[in-house]
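Student: I am new to this structure. Please take a close look at its buried interior, and show me what builds it and what surrounds it.

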Amino acid sequence: FIMVFAVAFCSCDSDKKTDEATQPEANNTPAVTAEEITLRINEFSTSNTQTLADKDGDFVGWVEIYNYGKTTVSLEGLSLSDNEDKPDKWSFPNIEIKKDEYLLVYLSNSDTEYKEGEELYADFSLSNKDDSIGIYRGKEVINRCDVVELISNLSFGYTKDGKYLYFPKATPGKENTIEGFDKIGSANMCK
């Protein structure tokens, strides 16, 4: 399973257009419209100092993408960006994400080339100064979240109740089942 990391506050939207071209066929995966690309930014962290180390032992920001649909989704032709004016900032390799699967991308500002079965590294970093993080197909938004201010090792993510909350303990690569809170300072951080 591949981990991909990034940080974002999700007042997430899906400004998808139905008249856009369909996703190209890859690995015998049928072409789909943007509305059928069932991916969302599920959790992210901008200031990771001890939660999740990459293969080199470095702690960097990350983003978790989740396929909430009923079928596998090809990431060919999709990109990840922290800049709405440059939606193709980092392109996903030709991989797939299965239904109910989580994909982590490290936001390391590194140009680490993807090798099959290894971690994914976007060549940009995410900070509290960025406006948003999004998944795009061309200029078309698949899912986009506003970046929120996070203190070290907090994450921001989607709950099974359909809300975006802050989490005192990140759960990269897993469902966000721990108790979250809607404002920094509203949780008992000393549990």
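Tutor: What follows goes from the overall layout to the interior, and then to the strands and charged pairs around it.

This is a predicted model, in which local features need pLDDT of at least 70, side-chain atom pairs count only at pLDDT 80 or more, and totals for chains, interfaces and linings use all residues. Residues are numbered from 1 along each chain as its sequence is written, and side-chain values use heavy atoms, with hydrogens and water left out.

Start with the layout. The protein has zero helices and twelve strands. Both kinds of element are DSSP runs numbered from the N terminus; a helix (H or I) needs at least four residues and a strand (E) at least two. Of the 191 residues, 50% are buried. Buried means under 20% relative accessible area; exposed means over 50%, and partly exposed lies in between (1.4 Å probe, protein chains only). The protein exposes about 9700 Å², and carbon and sulfur atoms supply 42% of that area. Areas come from the Shrake-Rupley method with a 1.4 Å probe; for residues, only the protein chains shown count as cover.

Contacts reach far along the chain. A contact means heavy atoms within 4.5 Å. Among contacts with a separation of 6 or more, 63% join residues 24 or more positions apart.

Now the interior itself. In soluble globular proteins, nonpolar side chains tend to be buried together. The largest nonpolar core here has 34 residues, and L39, L80, F92 and V105 touch the most other members. Such a core is a set of buried Ala, Val, Leu, Ile, Met, Phe, Trp, Tyr and Cys residues joined through side-chain atoms within 4.5 Å. Several strands each give at least two residues to this core, including strand 1 (39-45), strand 2 (61-67), strand 4 (78-81) and strand 7 (102-107). Strand 9 (132-137) and strand 10 (140-146) are also among them. A separate core has seven residues, among them L52, Y106, Y121 and A170.

Take L39 as a way in. Leaving aside neighbours within four places in sequence, L39 is in contact with residues including I65, V73, L75, L78, I97, I135 and I142.

Next, strand 7. Six of its six residues are buried, so strand 7 is largely enclosed by the rest of the structure. Y102, L104 and Y106 are buried on one side of strand 7, and L103, V105 and L107 on the other. Strand 7 runs antiparallel to strand 2, and six bridges join them. G61 stands opposite L107 there. With strand 8, strand 7 pairs in the parallel sense over three bridges. V105 has L120 as its bridge partner in strand 8. Two strands count as paired if DSSP finds at least two bridges between them.

Four strands form an open sheet in the order 5-4-9-10, with antiparallel pairing. Strand 5 (90-91) and strand 10 are its edge strands, each pairing on one side only. Strand 4 and strand 9 share four bridges. L78 faces R137 in strand 9.

Charged side chains come next. Side chains of opposite charge can pair when their charged atoms come close. The structure holds four salt bridges. Each is a side-chain nitrogen of Lys or Arg within 4 Å of a carboxyl oxygen of Asp or Glu. E84 forms one with R144, the closest N and O atoms being 3.2 Å apart. E84 lies in the loop between strand 4 and strand 5 and R144 in strand 10, so this pair ties together parts that are 60 residues apart in sequence. R144 counts as buried at 11% relative accessibility, while E84 counts as partly exposed at 44%. K89 and D82 meet in another salt bridge (2.6 Å, N to O). D82 is buried, with a relative accessible area of 10%, and K89 is partly exposed at 27%. A further salt bridge joins E140 and R137, with closest N and O atoms 3.3 Å apart. Both E140 and R137 are buried.

Finish at strand 12, where L165 is found. L165 is buried, with a relative accessible area of 16%. Beyond neighbours within four places in sequence, its contacts include S155, F156, G180 and F181. The C-alpha atoms of L165 and E43 are separated by 9.3 Å, although the two residues are 122 apart along the chain.
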